[in-house]
Amino acid sequence: MGRTRGRHLEAFFGCIYYAASRPGETVGLKLRDCELPRRGWGMLRLNESRARSGTAWTDSGEAHDQRGLKHRSRKAVRYVPIPPELVAMLRWHVIQFGTAPDGRLFRTARGGMV
């Protein structure tokens, strides 16, 4: 086990810490939902949750059902200002790991849902 194990999740946990996002909101975060300027504060537009419930408990039969934000209307968007530290973490993450084919920022080492 090298020192790089889990490195692809560093910015994932950064979002939970700095942006106070729920894990399901962070799983569904896409690059197009992020404003990541070179300097200063950025912005996240949280608009879905991909919490893992298990296939028996989702409408789609998938382990991660796509839903709206908790306790909000289906189309609600939560705008979250993010500090320069998180902006830098996310910019680094995109450079190092890119995005999933659907634009999501975070995926497992094998490309699945976190």
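Are phenylalanine 12 and phenylalanine 106 buried or exposed? Both are buried, where buried means under 20% relative accessible area, exposed over 50% and partly exposed in between, with a 1.4 Å probe and protein chains only.

Before selecting anything else, note that this is a predicted model, in which local features need pLDDT of at least 70 and side-chain atom pairs count only at pLDDT 80 or more, while totals for chains, interfaces and linings use all residues. Residues are numbered from 1 along each chain as its sequence is written, and side-chain values use heavy atoms, with hydrogens and water left out.

Select helix H1 (10-18), bearing in mind that helices (H or I, at least four residues) and strands (E, at least two) are DSSP runs numbered from the N terminus. Here Ala11, Phe12, Gly14 and Cys15 are buried. Seen down the axis of H1, these buried residues fall within an arc of 160°, so they line one face of the helix; the arc is that of the directions from the helix axis to the C-beta atoms.

Stay on phenylalanine 12, whose relative accessible area is 5%, and add phenylalanine 106. Their ring centres lie 5.5 Å apart with the planes at 85°, so the pair is edge-to-face; rings of Phe, Tyr and Trp (its six-membered ring) pair if their centres lie within 6.5 Å, and planes under 30 degrees apart count as stacked, over 60 as edge-to-face and the rest as tilted. This pair links distant parts of the chain, since phenylalanine 12 is in H1 and phenylalanine 106 is in the segment after H3, 94 residues apart. With Phe13, they form one aromatic cluster.
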